[in-house]
Amino acid sequence: MKQIIEAMNQEDSADVEAKRDWVKNHYEPHALDKYNTVEGKLALVDAILTNGWVSAADTLKLQCLGITFGDALAQHMGLDWVAVEDEYGRDPAL
């Protein structure tokens with residue numbers, strides 16, 4: 001199958017936002033604005049990994065961390081989220 005790259009649809013966006021929320025919810029409610037910075041995103045990923053809150057078998061949680069890392073890259077480098085579909089399925093990408 002040929003790889004298809006296109007804008008994310010509503011379902012893609014909702015999935016990415018749910019994964020983003022799982023990570024963001026590790027912040028106390030009064031500190032959620034820290035996610036707005038690259039440093040805040042990366043510090044949160046580091047804290048989750050350092051504290052062992054995700055194991056190598058936690059595929060969904062690792063995908064959530066990937067979205068947050070992607071958000072940091074997108075913010076720092078001016079990248080945009082897209083959807084990529086191929087023989088393995090449909091996934092978000094930068």
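Trainee: How many residues does the hairpin use to join β2 to β3?

Mentor: This is a predicted model, where local features need pLDDT of at least 70 and side-chain atom pairs count only at pLDDT 80 or more, while totals for chains, interfaces and linings use all residues. Residues are numbered from 1 along each chain as its sequence is written, and side-chain values use heavy atoms, with hydrogens and water left out. Strands are DSSP runs of E, at least two residues, and helices are runs of H or I, at least four, numbered from the N terminus. Strand β2 covers residues 82–86 and β3 covers residues 89–93, running antiparallel with five bridges; the hairpin joins them through two residues.

Trainee: Which residue in β3 is the bridge partner of aspartate 86?

Mentor: Two strands pair if DSSP finds at least two bridges between them. In the pairing of β2 with β3, alanine 83 stands opposite proline 92. For aspartate 86, the partner is glycine 89.

Trainee: What is the strand order in the open sheet?

Mentor: The sheet has three strands with antiparallel pairing. β1 (4–6) and β3 stand at the edges with a single partner strand each, so one side of each has no neighbour in the sheet. The order is β1-β2-β3.

Trainee: How far apart are the end C-alpha atoms of helix α2?

Mentor: The expected span is 1.5 Å times one less than the number of residues. Helix α2 (residues 38–50) has 13 residues, so it should span 18 Å. The model agrees, with its end C-alpha atoms at 18 Å.

Trainee: Which residues of α2 are buried?

Mentor: Buried means under 20% relative accessible area, with a 1.4 Å probe and protein chains only. The cover over these residues includes α1 (10–24) and α3 (59–77), in contact through heavy atoms within 4.5 Å. The buried ones are Val38, Gly40, Lys41, Leu44, Val45 and Ile48.

Trainee: Which helix gives the most to the largest nonpolar core?

Mentor: A nonpolar core is a set of buried Ala, Val, Leu, Ile, Met, Phe, Trp, Tyr and Cys residues joined through side-chain atoms within 4.5 Å. The largest has 10 residues, among them Tyr35, Leu44, Val45 and Ile48. α2 and α3 each supply at least two residues. The top contributor, with three residues, is α2.

Trainee: Which residues does UniProt list for "domain: DUF3806"?

Mentor: The entry is unreviewed, and such annotations may be inferred rather than shown by experiment. In the model, the span is 53% helix and 19% strand. The record lists residues 42–94.

How values were computed:
Buried means under 20% relative accessible area, exposed over 50%, partly exposed in between (1.4 Å probe, protein chains only).
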